[in-house]
Amino acid sequence: MSFAKIKNTLFNFICENKMLQFFLWDYQTGRICFSAHPFVLPISFKKKRYRYLDELKHHLQPDDYKAINDYLCNLPISPKRLAHNSFYLRIFDDNGSCYWLKLFLIAQKESKASCHIFGLIENVSDEMHADERQKKFIYALEHDSLTNTYNKETFIRFTNNFLAAPQNKDQIHAMLIIDADNFKDINDTLGHLFGDSVLKEIADKLRHHFRTDDFIARMGGDEYAVLMRNLKSVDFLKEKFNLLLKDLSKTYHSGNHFVNFSMSIGVAFYPENGKNFQSLFSHADIALYTSKRAGKSCFTFYNPNLITSNYFYQSDSLKTSYNRRLQFFQKNTAEYIFRLFYKNKDIDSIIEHCLKMLGIMTNADRALLFLYEPSTDSFQLTHFYSSGRHEPISPQVRDKYLPLAAYFVVKTFFKHLSHGIIATCDDINSLPEEQRETFQKLRSKSFIQCLIRRGNTVLGSIGIDNRTKCHHWTEAEINQLSILASCFSFLIMQRNISIQYQLEKPGVKNEL
């Protein structure tokens, strides 16, 4: 193909496409000539001809300038043979704003003394900036904003996807839970801002000690998890973990205040201790618990004997600690829940934990959460606690009649009280016959429910009931349920936002 034919073809193409600009570069002289065709470039050329590429240097990103200069200067060109390539570069206007351009090059050596490089420039700033925004959105969704490690949801998804893929027969992976021994002392003595800096420092040390192939996440609060993939052996881990624990052990101070700090580790192995996230994490958690009881600032490899010897052993001090948590939940419900939320962003587990605490505190047989579905004007049972004191009702009866009972209570039974919109029933025999039959199938004797709202929007309802006796619901119990309903409105909104994010993530795959 002759020089004239190439030139005419390119110019005709330019005339049909307003978003491209053509240039011609003389390989021997270094002169660059741009077309006069209108094109919105981020820089305004005072002249159409540039003697050397260096005259454009101050407009280009340094890395891109070096790449294009090296490419052009070392381009292998032979007579009667076209050489072509394309790449992206960033260019800056006179105000310092950055734009993305796509560059397409065709080079041909026509003789020993004649060589030309033809180029097409396309402005792809909108496309690239949109891609950058999407990447930032996905990054924020998958990472912990404080430490820049992965978050809990991403860690769970990645672990399950990774372990579900085909594995070699002798493949070994390790899951670690790394938890601070006395982080509360840091926050209480040195302040929460200081505590945040410690969390960042921990993340930096973990990145330093583990391989780039290892997956590091902050699970919430002062707890981290690591998935070590493709281990050739486990012999080196003891030395590695000892070095890590030594590095993590430190005395922090601010002014005249000093706090000794350390962390403990629990470890479980694939496939010996589990083949999915849930089993590995639960076994690593048992090993972590053992490390805590062994004096802290140490690591433990999981083995089945730990379950009977340590994990389910409750000393008097542990029982006392549990009773204190129950008392704190009763007196400071909102603070208790938001502390949980700060440490653990898994909203479903927080709700289940709070329902259990509510059921134990009120000595109820069941504690239930229903979410309202406006499209069908119905209530769906989503979270459930049972004391286990009585024979359970069948799932068929539960799934059919509990939502019906909730719907009946909401539509006909709620009263506006100072605590909120509450429904109480001390004895179901006082109900109309049709509704009484529904509660009899559920084996309820008495119940209380509270509507969960966000402004004027109904989100659901929370309730407790007794199966063996009538019960007069006290002012304190009504107040407790009302406070919990207010807190649950926040948790449900956060849960809905998280679900919506998962549904709307553009182009995000199910695995990393």
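Me: What percentage of the 512 residues in the protein is buried?
Reply: Buried residues make up 45% of the 512. Keep in mind that this is a predicted model.

Me: How many helices and strands are there?
Reply: The protein has 15 helices and 19 strands.

Me: And the surface, how much accessible area?
Reply: About 27800 Å². Carbon and sulfur atoms account for 51% of that area.

Me: Take contacts between residues at least 6 apart in sequence. What share joins residues at least 24 apart?
Reply: 61% of them.

Me: On to the cores. How many residues are in the largest nonpolar one?
Reply: It has 34 residues. L369, I462, F488 and L491 have the most contacts inside it.

Me: Which elements each supply at least two residues of this core?
Reply: Three are helices: α11 (333-343), α12 (347-362) and α15 (475-504). The strands are β14 (366-373), β18 (446-454) and β19 (457-466).

Me: Which one gives the largest share?
Reply: α15, with 9 residues.

Me: What is I462 in contact with, leaving aside its neighbours within four places in sequence?
Reply: The list includes L355 and L358, then L368 and L369. I448, Q449, C450 and I452 are also in contact with I462. So are L481, L484, A485 and F488.

Me: What other core lies apart from the largest one?
Reply: One of 31 residues. Among them are I202, F210, Y224 and Y252.

Me: Let's do β14. How many of its residues are buried?
Reply: 6 of its 8, which leaves β14 mostly covered.

Me: How does β14 pair with β15?
Reply: Antiparallel, over 8 bridges, with β15 spanning residues 378-386. R366 stands opposite S386 in β15. The two strands form a hairpin with 4 residues between them.

Me: Which residue in that turn has a positive phi?
Reply: D377, at about 50 degrees.

Me: How many bridges join β14 to β19?
Reply: 6, and the two strands run antiparallel. L368 stands opposite G463 in β19.

Me: Staying with β19, is N466 buried or exposed?
Reply: N466 sits in strand β19. Its relative accessibility is 3%, so it counts as buried.

Me: What is N466 in contact with, beyond its neighbours within four places in sequence?
Reply: N363, A364 and D365, for a start. R443, S444, K445 and S446 are in contact with N466 as well. H471 and W473 complete the list.

Me: R443 comes just after which helix?
Reply: Just after α14, and R443 takes a positive phi of about 60 degrees there.

Me: Which residues of α14 are buried?
Reply: Q435, T438 and F439, in a helix that covers residues 433-441. They span an arc of only 90 degrees around the axis, so they lie on the same side of α14.

Me: What is on the face turned away from the buried side of α14?
Reply: The exposed residues E433 and E434.

Me: And what covers the buried residues of α14?
Reply: The cover includes α13 (395-412) and β18.

Me: Switching to the open sheet with 5 strands. What's the strand order?
Reply: β8-β9-β7-β12-β13, with mixed pairing. The edge strands are β8 (215-220) and β13 (299-301), and each pairs on one side only. From one strand to the next, the twist averages 20 degrees.

Me: How do β7 and β12 run, parallel or antiparallel?
Reply: Antiparallel, joined by 8 bridges. β7 covers residues 172-180 and β12 covers residues 263-270. M175 has A268 in β12 as its bridge partner.

Me: Which strands does α6 lie across?
Reply: β7, β8, β9 (223-231) and β12. Helix α6 covers residues 192-209 and runs at about 5 degrees to β9.

Me: Last one, F269. Where is it?
Reply: In strand β12. F269 has a relative accessible area of 9%, so it is buried.

Me: How far is the C-alpha of F269 from that of A174?
Reply: 4.5 Å, although the two residues are 95 apart along the chain.

Me: Which residues is F269 in contact with, neighbours within four places in sequence left aside?
Reply: A174 is one of them, along with I172 and H173. V234, L237, G274, L280 and F301 are also in contact with F269.

Notes:
Residues are numbered from 1 along each chain as its sequence is written. This is a predicted model: local features need pLDDT of at least 70, side-chain atom pairs count only at pLDDT 80 or more; totals for chains, interfaces and linings use all residues. Side-chain values use heavy atoms; hydrogens and water are left out. A nonpolar core is a set of buried Ala, Val, Leu, Ile, Met, Phe, Trp, Tyr and Cys residues joined through side-chain atoms within 4.5 Å. Buried means under 20% relative accessible area, exposed over 50%, partly exposed in between (1.4 Å probe, protein chains only). Contact means heavy atoms within 4.5 Å. The arc is that of the directions from the helix axis to the C-beta atoms. Accessible areas come from the Shrake-Rupley method with a 1.4 Å probe; for residues, only the protein chains shown count as cover. Two strands pair if DSSP finds at least two bridges between them. Axes are lines fitted to C-alpha atoms, for helices over the stretch in contact, and angles run from 0 to 180 degrees between N-to-C directions.
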